[in-house]
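Let's take a walk through a protein chain together, one piece at a time. Keep the picture handy and follow along.

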Amino acid sequence: MRPLIVRPAPKENESLMGYLLRLTEENFFQSPLNLIMYAEAFKKNNKASINDFIKSIASGLIDFDSLSAITGENKKELEIKCYRLLCDRSDGSQSLYLFLNAQIPSNLIRFNYPRFCPDCMRIDPYHRFYWDFVPLTGCPIHKKLLMDVCPECHQQLTWSRSSISTCSHCGFDLFSYSGIDIPDNQMDHIYMIAKAFQKCDSRDHKLILFSSMESYEAIKNFVIRHFSLTERRHFIHFKRKLSVLSPPLLLKNLPYSPLPIIKTNDFIDLQLPRPKFSQLDKIRTIQQINEYLCYELFIFKRTNRINIDDVLQWQPNAEVHQKMVNFFTGQNVPLLVNYSSSKQLTTRQKARHFGVKNIAYRFPSRMNSILDTNSSFFERRHDIINSINASKYLGISEHLLRQLTKAKILHPISGPEIDGFGDTVYSLKYFQVFMDSLLALKELNISEEETISLDEYIKTYDISRRKSLVEIINAIFDKKIKVFDVPTSRLSHIILSLKCINDFCPQPSVSSGYISVNTIASKIGIYTDAIYRTLEAGLLPFKADGRKKLILIEDYERFNEQFVFIKEIASKHKCNPTNLADKLIDEGIRPISGPKIDNNIVYIFRRVDIENVDIKKIVSKNKYKANTGRIAKSDHSTSYHKLIEDMALMTTSEAAHILDISSQMLGKLLKAGEISLYQNPLLPAYKKYLKTADLNDYISRYRENPNLIEYSAAAKFMGESPERFQSTWVKYKRITTIDDGLKNKYVNRESLEKLKLFKNEAISIQEASELKGIDRSYFSNLIKLNKIQPVSGPGVDEYGNYFLNRQEIEKHRHENWW
């Protein structure tokens, strides 16, 4: 894949998700997840929610080779920025992650809801890794509460956004907010944590001293204490084997190397005051902070464990700060800011403020108001345009725009394949960056070489030699085609080297002595389809050259001597080809090819037959039989009325009246083959007839069929709306519909009754979510986690949607499944 156009270098103490967010903003992706998908860096996993995906990215469970390829950064420099998983617990307790040189449980790392200091961001806008450490609730430099809730819409910030400085929900400029000052009496635990970070320089990482250890006992004691900080499994899985290993085997089996960590942070040289609370002086390292929270508070003081297991890592930072002050100092302080009573918060968001976990995971919000010209969001995003305006801006068709997007040359910020938004949306700023990248390839030494614009190339070059726009743009970036000029916006107006274009798009070789179908058609002045049908009729030999058909020049000259197209005769005498053909046929001159002979679209006559008649006299002829074989209206006998009665025929107008439809709709029935016309030369040509028996058979097959029931009646029989009936049963082919050719749908009555019995025993996920009043993704996650077993659906039978046991769903409360 092609590297990103804008590739800023990562900051030394920047988190991995923060760096991905900066790349997202610079390259106009919708969110860091879209960037990861573009890089194809996701490893195969069974994560069920967007939060789990973000957690897997932050902990390094991605392909860093792919990420390195699109950013141009060293793989090891990117790995340093993740919080590596050390021990994945399967017993329900917290997994351990490497955070600096300490092993930290997952509940002390903010994987999904970032926080930042607005003052630090205004100085240098990037996300510092230490802001992800849950107990650090404020900035020790500026004494500000770390910001994680938008002050405009009161919604928590997530990584699923397109800009580091903008709220994804309302578009508020986060850097314009002054922030919330923390009182001095609430800063002690923040200073204590900052001092712990000062001791975390990687030069003091004890694993680096491993190479200097010579005694077996020193190595053994070191391994017992620091095993978890290596790439090997957690120490508890190795402890039994350690005592039985001899020194040589221990050295052989423990080739440890320290895991890469961030080398420095902004607190290294910061002068911090001593904590006022004496118990905080004893806590000097990140590991000790972890032990103090997880053991002293929860085991000896018997604090409710759920307060830290299920709240701190996703609860708003104001609530976390209040708890941290109480945990470390014992003070009961009020909330610095309280959004929990805001009417703008949803029930799910209020649940976080009150410490109640909501199982239904959130997905990235759709930009459903992205083009709302009345909103302030539009004012901040005035550069956003849809695909129609984007194609006009670039001066290319929508088809070419889609090709460039599909080839990942252009990157939309929203669309059906990105976030479900109906139209594909682009950014003008990104187009400007893209055009600047082309401008950077402009030749400085402009010679007298011939040039051609991209628009002229698309319009003038024959399709047989023309390369696609995707190939041309890639060739420009690969410097195979020189660029002489790039306008500010219109891609179609860039000036290219004509010589490079001709070298890249060579003229297709035509076998010597042959002529193409296009050449013959242009000489005669007829459609190429007429030539192709002449070839299929065997009148003109040809040779297949791949998809092309070539005719030997001698064969064409021989054909031209023997035969003549009616178009050639009509052009010579300046008359209508169709009328001239009727006149020639009326004179007894029979064509050898034509519409009623071999399905050719034009008539072909023998040249000798045309030369032996007075063609001028035939051209001036007024009385002749039009449309070969048709009997004039005046020549019809009155006996055709008896034929209509004997054959029980009716006109198409009468049939349309019986069916209560228009003549156009009846034409669709005829075209679909549901009813056939009755053909007889004795019938008048100005009317069309069909058999009454055929019409009655059609009516009995659909409208009066006791085994069929109309679509709307079927939905009512199932107790559902037609839309719900379609999405639940028809879409997944649990029941098939029968079309009568008039856009009326029917279903089989017997199949519908079986479906009704099935519905009495089973319930769809949508119906279950409405019954329990919870999000439908709740049940999807339960199925993926094997908490409940579906009775029908993927993996159970051939159908594509899940059905659950109705009795089980109605009987249990949804909390019991967890």
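Which residue in S2 is the bridge partner of Leu85? It's Tyr97. Before we go on, keep in mind that what you're looking at is a predicted model.

That little bridge belongs to a pairing between strand S1 (residues 85–87) and S2, which run antiparallel and share two bridges. Strands of a sheet pair through backbone hydrogen bonds, either parallel or antiparallel. S2 has another partner too: four bridges link S2 to strand S3 (residues 102–105), again in the antiparallel sense. Here Phe99 has Ala102 of S3 as its bridge partner.

Now look at the two faces of S2, which covers residues 96–99. In a regular strand the side chains alternate between the two faces of the sheet. Leu96 and Leu98 sit on one side, Tyr97 and Phe99 on the other, and all of them are buried, so both faces are covered.

Phe99 leads us onward, since Phe133 is in contact with Phe99. Leaving aside neighbours within four places in sequence, Phe133 also touches Ile104, Leu108, Arg115, Ile193, Phe197, Ile286 and Ile289. In soluble globular proteins, nonpolar side chains tend to be buried together. In this model, the largest nonpolar core has 81 residues, and Phe133, Phe197, Ile289 and Phe328 are the ones with the most contacts inside it. Helix H7 (residues 188–198) gives the most to this core, namely seven residues. There's also a second, separate core of 40 residues, with Ile409, Leu410, Ile472 and Val486 among them.

Next, hop back to a pair of helices. How do H2 and H4 lie relative to each other? Helix H2 (residues 32–39) and helix H4 (residues 64–71) pack at about 95°, with their axes 9 Å apart. Angles from 65 to 115 degrees count as roughly perpendicular, so that is what these two helices are to each other. Where they meet, H2 brings Leu35, Ile36, Tyr38 and Ala39, while H4 brings Ser66, Leu67 and Ile70. By class, that contact has six nonpolar residues, one polar and no charged ones.

Last stop: an open sheet of three strands, in the order S18-S20-S19, with antiparallel pairing. Strand S18 (708–710) and strand S19 (737–739) each have a single partner strand, so they stand at the edges with one side lacking a neighbour in the sheet. From one strand to the next, the twist averages 40°. Three bridges join S18 to strand S20 (residues 745–748), and Leu708 stands opposite Asn748 in S20.

How values were computed. Residues numbered from 1 in each chain as written. Predicted model: local features only at pLDDT ≥ 70, side-chain atom pairs only at ≥ 80, totals over all residues. Heavy atoms only, no water. Axes fitted to C-alpha atoms, helices over the stretch in contact; angles between N-to-C directions. Parallel < 35°, antiparallel > 145°, perpendicular 65-115°, else oblique. Contact = heavy atoms within 4.5 Å. Nonpolar A, V, L, I, M, F, W, Y, C, P; charged D, E, K, R; others polar. Pairing = 2+ DSSP bridges. Core = buried A, V, L, I, M, F, W, Y, C linked by side-chain atoms within 4.5 Å. Buried < 20%, exposed > 50% of the residue type's maximum accessible area, 1.4 Å probe, protein only.
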